[in-house]
Amino acid sequence: MAVWREWIEEQCGACFPESRTHVLESCLRDRMRATGSASQAEYFGRVVRGDPTERRALVDRVLNHETGFFRHQPSYDALRTGMLPALTAAQRGLGRPRRIELWSAGSSTGEEAYSMAITALEVLLAAAFEFTVTGTDFTAACVEAARVGRYERRSMEGLAAEHRGRYFRPAAGHPGSFEAARYLRNRAEFGLFNFLRPETYPKREFHVIFCQNVLIYLREEIRNQVAREVCGRLAPGGYLVPAPGELPSFAMPGIEAARFGPVLVYRRKPEERVNAKRVD
């Protein structure tokens, strides 16, 4: 199993310690059954040397795509009442264009990105600011699902009734499902992305980056390298928002820790440009 763990980590950074070996074994059984592979050795040869489609299918199966609308509510409260007001005030004070860029790094099927967009709509339009939310994910199927923006009722449990009524509509031809209203979808764009490949990162700076429930699956040294690379995309005064406990030992020149109530974030100092160390 060690060779599988090494190969998976090389592909996407996901770490499978001994305590999670059963998860990896379950993924392998599923894909071996789907491809009719008689043994792990046969399947390994297929994945590593001969079948790029199956290679991606296995990595997609291994990655945890669990997500939800407003999954960590305190982070969105901090975005609404702390980060966005601070950013708009700073932009006005500097006479800069009234535009805020947000990034959902590891957006899965789009719930996080749309949650960010809903929050931004309710804060930034009232302040006469424009914005875009960029959602990125490793998995093509997740990116496509996010672009469609259609969700079953049970996956919308984290969404307040007022938000569901205002920003979603019953999906035609899909009983029991809802789709993001066009004016919400128009605020979000989605694309493929790999945390370990800086050349796939968006080529612009962001004022707010949510990177939640992704870094926890990386070894600490890789986690911190990725966090540095992500911070390299922060605009001056911008914020990185990890999940609680994801970056317990993170430090980087030009980046300072800050709190909005119980929420720990990392802020790029307005006067400094950070230089990220490349992830190999």
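This report describes selected strands, a helix and several backbone features of a predicted model.

**Strand β7 and its partners**

Strand β7 covers residues 206-211 and is mostly covered, with six of its six residues buried. Strand β1, residues 99-105, runs parallel to β7 and is joined to β7 by three bridges. Within this pairing, Ser-104 has Phe-210 of β7 as its bridge partner. Strands of a sheet pair through backbone hydrogen bonds, in either a parallel or an antiparallel arrangement.

β7 also pairs with strand β8, residues 234-242, again in the parallel sense, over five bridges. Here Val-208 stands opposite Tyr-239 in β8. The connection between these strands involves helix α10, residues 220-231: β7, α10 and β8 together make a right-handed β-α-β unit.

**Helix α5**

Helix α5 has 22 residues and spans 31 Å from its first C-alpha to its last, close to the 32 Å expected at 1.5 Å a residue. The helix nevertheless contains a kink of about 45°, centred on Leu-79. Leu-79 is itself among the buried residues of α5, which also include Ser-75, Tyr-76, Ala-78, Gly-82, Met-83 and Leu-84. Further along the sequence, Leu-87, Thr-88 and Gln-91 of α5 are buried as well. An α-helix has 3.6 residues a turn, so residues three or four places apart point the same way.

Which elements do the buried residues of α5 pack against? Their partners are β1, α6 (111-124), β7, β8, β9 (255-260) and β10 (263-268). Strands β1, β7 and β8, described above, are thus included in the surroundings of this helix.

**Residues with positive phi**

The residues below have positive phi values; the position of each is given beside its angle.

| Residue | Phi | Position |
|---|---|---|
| Phe-70 | near 50° | loop between α4 (52-62) and α5 (73-94) |
| Asn-213 | about 60° | loop between β7 and α10 |
| Gly-95 | about 65° | just after α5 |

Neither Phe-70 nor Asn-213 is a glycine. Are these two loop residues buried or exposed? Phe-70 has a relative accessibility of 8% and therefore counts as buried, the cut-off being under 20%. Asn-213 has a relative accessible area of 28% and is partly exposed, because this value lies between the 20% and 50% limits.

**The sheet β3-β5-β4**

An open sheet of three strands has the order β3-β5-β4, and its pairing is antiparallel. Its edge strands are β3 (150-152) and β4 (168-170), each of which pairs on one side only. On average, neighbouring strands of this sheet are turned by 35° against each other, direction ignored.

β4 pairs with strand β5, residues 177-180, over three bridges in the antiparallel sense. In this pairing, Arg-169 has Glu-179 of β5 as its bridge partner.

Ser-177 also belongs to strand β5. Why does Ser-177 count as buried? The reason is its relative accessibility of 13%, and the limit for a buried residue is under 20%. Leaving aside residues up to four places away in sequence, Ser-177 touches Arg-150, Tyr-151 and Glu-152, and also Arg-169, Pro-170 and Ala-171. Arg-150, Tyr-151 and Glu-152 fall in the range of edge strand β3, while Arg-169 and Pro-170 fall in that of β4.

Notes: Residues are numbered from 1 along each chain as its sequence is written. This is a predicted model: local features need pLDDT of at least 70, side-chain atom pairs count only at pLDDT 80 or more; totals for chains, interfaces and linings use all residues. Side-chain values use heavy atoms; hydrogens and water are left out. Buried means under 20% relative accessible area, exposed over 50%, partly exposed in between (1.4 Å probe, protein chains only). Helices (H or I, at least four residues) and strands (E, at least two) are DSSP runs, numbered from the N terminus. Two strands pair if DSSP finds at least two bridges between them. A crossover is right-handed if, with the strands pointing away from the viewer, the path from the first strand over the helix to the second runs clockwise. Axes are lines fitted to C-alpha atoms, for helices over the stretch in contact, and angles run from 0 to 180 degrees between N-to-C directions. The expected span of a helix is 1.5 Å times one less than its number of residues. The bend at a residue is the angle between axes fitted to the seven residues ending there and the seven starting there. Contact means heavy atoms within 4.5 Å.
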